Amino acid sequence: MSDHPTDFQGSVHDAIRQAVEAAIPESTATVDGGGGHYTIDVTAAAFDGKTMLQKQRLVLSAIKHLMAGDRAPVHAVDRITTNVP
(Lines give C-alpha, C1' and ligand atoms only; values in the text may rest on other atoms or scores of the structure.)
Protein backbone atom coordinates (compact mmCIF):
# COMPACT_ATOMS: atom_id res chain seq x y z
CA MET A 1 0.00 0.00 0.00
CA SER A 2 1.39 3.36 -0.97
CA ASP A 3 0.95 6.72 0.66
CA HIS A 4 -1.28 8.90 -1.48
CA PRO A 5 -1.44 12.62 -0.59
CA THR A 6 -4.95 14.02 -0.38
CA ASP A 7 -6.76 17.01 1.05
CA PHE A 8 -9.84 14.90 1.83
CA GLN A 9 -11.13 15.19 5.39
CA GLY A 10 -12.97 12.28 6.99
CA SER A 11 -13.22 8.58 6.31
CA VAL A 12 -12.57 7.65 2.68
CA HIS A 13 -14.06 4.20 3.34
CA ASP A 14 -17.32 5.77 4.53
CA ALA A 15 -17.37 8.25 1.64
CA ILE A 16 -17.00 5.45 -0.92
CA ARG A 17 -19.61 3.25 0.77
CA GLN A 18 -22.12 6.09 1.09
CA ALA A 19 -21.63 7.21 -2.52
CA VAL A 20 -22.15 3.70 -3.89
CA GLU A 21 -25.17 2.99 -1.71
CA ALA A 22 -26.73 6.34 -2.67
CA ALA A 23 -26.20 5.77 -6.41
CA ILE A 24 -27.26 2.11 -6.64
CA PRO A 25 -30.75 1.43 -5.24
CA GLU A 26 -30.99 -1.00 -2.33
CA SER A 27 -27.28 -1.81 -2.41
CA THR A 28 -24.86 -2.68 0.34
CA ALA A 29 -21.18 -1.92 -0.08
CA THR A 30 -18.05 -2.80 1.86
CA VAL A 31 -14.76 -1.07 1.28
CA ASP A 32 -11.22 -2.12 2.17
CA GLY A 33 -7.80 -0.68 1.50
CA GLY A 34 -6.04 2.61 2.02
CA GLY A 35 -3.25 4.81 0.75
CA GLY A 36 -5.36 5.71 -2.27
CA HIS A 37 -5.96 2.06 -3.32
CA TYR A 38 -9.29 0.43 -2.48
CA THR A 39 -11.35 -2.69 -3.05
CA ILE A 40 -15.12 -2.41 -3.22
CA ASP A 41 -17.64 -5.23 -2.78
CA VAL A 42 -21.25 -4.40 -3.67
CA THR A 43 -24.44 -6.43 -3.51
CA ALA A 44 -27.46 -5.08 -5.38
CA ALA A 45 -30.48 -6.40 -7.27
CA ALA A 46 -29.75 -3.67 -9.85
CA PHE A 47 -26.87 -5.83 -11.11
CA ASP A 48 -29.21 -8.60 -12.25
CA GLY A 49 -28.92 -9.12 -16.01
CA LYS A 50 -26.01 -6.70 -16.44
CA THR A 51 -22.58 -7.56 -17.82
CA MET A 52 -19.49 -7.33 -15.64
CA LEU A 53 -18.49 -4.11 -17.40
CA GLN A 54 -21.92 -2.53 -16.84
CA LYS A 55 -21.77 -3.42 -13.14
CA GLN A 56 -18.27 -1.97 -12.73
CA ARG A 57 -19.29 1.21 -14.54
CA LEU A 58 -22.20 1.67 -12.12
CA VAL A 59 -19.84 1.44 -9.17
CA LEU A 60 -17.12 3.64 -10.67
CA SER A 61 -19.60 6.30 -11.77
CA ALA A 62 -20.84 6.48 -8.17
CA ILE A 63 -17.38 7.40 -6.89
CA LYS A 64 -16.02 9.42 -9.81
CA HIS A 65 -16.09 12.59 -7.68
CA LEU A 66 -13.74 10.86 -5.20
CA MET A 67 -11.30 10.05 -8.02
CA ALA A 68 -11.20 13.51 -9.64
CA GLY A 69 -8.15 15.76 -9.38
CA ASP A 70 -4.52 15.42 -8.44
CA ARG A 71 -5.15 15.06 -4.70
CA ALA A 72 -8.26 12.91 -4.90
CA PRO A 73 -8.72 10.50 -1.98
CA VAL A 74 -9.16 7.51 -4.33
CA HIS A 75 -6.19 6.95 -6.61
CA ALA A 76 -7.15 3.45 -7.78
CA VAL A 77 -9.79 0.79 -7.34
CA ASP A 78 -7.84 -2.45 -7.32
CA ARG A 79 -10.89 -4.73 -7.30
CA ILE A 80 -14.64 -4.42 -7.67
CA THR A 81 -16.77 -7.40 -6.73
CA THR A 82 -20.45 -7.26 -7.62
CA ASN A 83 -23.10 -9.66 -6.40
CA VAL A 84 -26.84 -10.11 -6.88
CA PRO A 85 -28.68 -10.94 -3.64
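In the predicted model, Asp14, Arg17 and Glu21 are joined in a network of salt bridges. Arg17 takes part in both of the pairings described for this group, one with Asp14 and one with Glu21. The side chains of Asp14 and Arg17 meet with an N to O distance of 3.8 Å. For Arg17 and Glu21, the closest N and O atoms are 3.3 Å apart. Both distances fall within the 4 Å cut-off that defines a salt bridge.

The network is set within helix α1, which spans residues 12–23. Asp14 and Arg17 are 3 residues apart in this helix, a spacing of about one turn. Arg17 and Glu21, also both in helix α1, are 4 residues apart, again about one turn of the helix.

The accessibility of the three side-chain partners was also computed. Asp14 has a relative accessible area of 35% and is therefore classed as partly exposed. For Arg17 the value is 27%, so that this residue is likewise partly exposed. Glu21, with a relative accessible area of 26%, also counts as partly exposed. These assignments follow because the partly exposed class covers values between the 20% limit for buried residues and the 50% limit for exposed residues.

The surroundings of Arg17 extend beyond its salt-bridge partners. When neighbours within four places in sequence are left aside, Arg17 is in contact with Ala29 and Val31. Asp70 lies 53 residues from Arg17 along the chain, and the C-alpha atoms of these two residues are separated by 21 Å.

In total, the structure holds 3 salt bridges. Besides the two pairings in helix α1, a salt bridge is formed between the side chains of Asp41 and Arg79, with an N to O distance of 3.2 Å. This pair links distant parts of the chain, the two residues being 38 residues apart. Asp41 belongs to strand β2 (residues 37–43), whereas Arg79 belongs to strand β3 (residues 76–83).

Both partners of the pair between strands were assigned to the partly exposed class. Asp41 has a relative accessibility of 24% and therefore counts as partly exposed. Arg79, at a relative accessible area of 42%, is also partly exposed.

Definitions and conventions:
Residues numbered from 1 in each chain as written. Predicted model: local features only at pLDDT ≥ 70, side-chain atom pairs only at ≥ 80, totals over all residues. Heavy atoms only, no water. Buried < 20%, exposed > 50% of the residue type's maximum accessible area, 1.4 Å probe, protein only. Contact = heavy atoms within 4.5 Å.
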